[in-house]
Structure formats: C-alpha cells, structure tokens
Amino acid sequence: MSETAIRRLRDVRLANAAEVGGKAASLGELLASGVRVPDGVVLTAEAASGAPEAHRWEIGAAAWDLGPGPFAVRSSGISEDGVDRSYAGMYETVLGVAPDDLGEAVERCLASARSTRVTEYESGTSDRMAVIVQRMVRPVA
C-alpha cells in the first residue's frame with residue numbers, strides 16, 4: 001500500500017486536511033483524542049485524481065487490513081465545508097459495501113463531486129476529493 005495514496009485514519013490530523021479533506025482529518029483527530037471511531041483508511045485527493053484501476057488496487061489492499069467488511073465509502077472534500085458554503089449531503093455515500101465492490105463504490109463517490117448538483121452549487125471552488133473507507137458499525141445485540 002502506497003503511503004502517499006492511502007493513509008490510515010488514525011495517522012491523519014487537521015494539518016493534513018489539504019491532502020485528505022476535512023472529514024477524514026477530523027476523524028483522525030477524534031481517534032487521536034481517544035474517541036471510538038470505526039477503523040478506516042482514506043484515499044488521498046491526489047491519488048483520487050488518478051486512474052480508477054489504481055484506486056481499485058490501492059483500496060483493495062487497504063481494505064484487506066481492515067477486515068472482512070461491510071464498509072462505508074464516504075467523501076472527504078478538500079473544500080467541502082467553508083465559511084461561505086456547506087456541502088452536507090451533496091456527495092454520495094455508499095453503505096454496506098462488500099470488499100469486492102469497493103472500487104465501484106469509490107468511483108461512485110468520486111463521480112458525485114462532478115454531478116450537476118455540485119458543479120452548479122460550487123461556482124469555482126475546488127472539486128478535489130479524498131475518499132474514506134471505514135468498517136461499518138454493527139449494533140450490539
């Protein structure tokens with residue numbers, strides 16, 4: 001697993017937000033402060049701008065370390081929430097993803113940054129996005 005393409009959530013901080021997005025950076029901070037957050041990885045914005053085949057390989061290798069799944073695939077936009085705009089609910093999240101379907105789910109999430117809804121809303125802000133893959137939380141019986 002390339003350290004520049006995939007980062008563990010536990011290893012990112014707010015200082016990494018330009019690389020991993022605000023959501024991933026905030027999750028890393030929560031983990032560092034001892035809050036229970038599902039284990040996960042983030043495909044960096046730089047890596048996300050590459051070829052889909054590379055995403056599939058990188059995410060597949062990282063997911064192997066996380067366990068059998070299922071997974072949640074979530075956006076972490078680089079300029080997702082700022083002073084002037086909030087992108088809450090604009091990008092796609094894919095839940096209950098099996099390991100073999102992670103590549104497709106990542107691509108769906110990335111494609112949502114180029115949707116008409118987002119492009120009309122953002123007017124000149126960056127569409128760079130990182131993608132978070134986390135283990136799904138299972139209710140305690």
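I will go through the sheet, the helices on it, the cores, and then one residue of β5, Q134, in a predicted model.

Start with the sheet. It is open and has five strands in the order β1-β2-β5-β3-β4, with antiparallel pairing. β1, residues 6-8, and β4 are the edge strands, each pairing on one side only. On average, neighbouring strands are turned by 25 degrees against each other, direction ignored. Between β3 and β5, which run antiparallel, there are seven bridges. V73 has V133 in β5 as its bridge partner.

Now the helices. α1, residues 17-32, packs on the sheet and touches β1, β2, β3 and β5; its direction makes about 125 degrees with that of β3. α4 lies across β2, β3, β4 and β5, and runs at about 140 degrees to β5.

Next, the cores. The largest nonpolar core has 24 residues, and V73 and V133 are among those with the most contacts inside it, as are L43, L102, V106 and V131. Elements supplying at least two residues each include α3 (52-66), β3 (71-77) and β5. α4 gives the largest share, five residues. Apart from this core lies another, of ten residues, including V20, L27, V37 and V42.

V133 itself touches, among others, I59, L66, V73, L102 and V106, leaving aside residues up to four places away in sequence.

Last, Q134, also in strand β5, residues 129-135. Is Q134 buried or exposed? Q134 counts as buried, because its relative accessibility is 5% and the cut-off for buried is under 20%. With the same sequence neighbours left out, that is, up to four places away, Q134 touches L9, L27, V37, P38, D39, G40, P70, F71, A72 and R74.

How values were computed: Residues numbered from 1 in each chain as written. Predicted model: local features only at pLDDT ≥ 70, side-chain atom pairs only at ≥ 80, totals over all residues. Heavy atoms only, no water. Helix = DSSP H or I, 4+ residues; strand = E, 2+ residues; numbered from the N terminus. Buried < 20%, exposed > 50% of the residue type's maximum accessible area, 1.4 Å probe, protein only. Contact = heavy atoms within 4.5 Å. Core = buried A, V, L, I, M, F, W, Y, C linked by side-chain atoms within 4.5 Å. Pairing = 2+ DSSP bridges. Axes fitted to C-alpha atoms, helices over the stretch in contact; angles between N-to-C directions.
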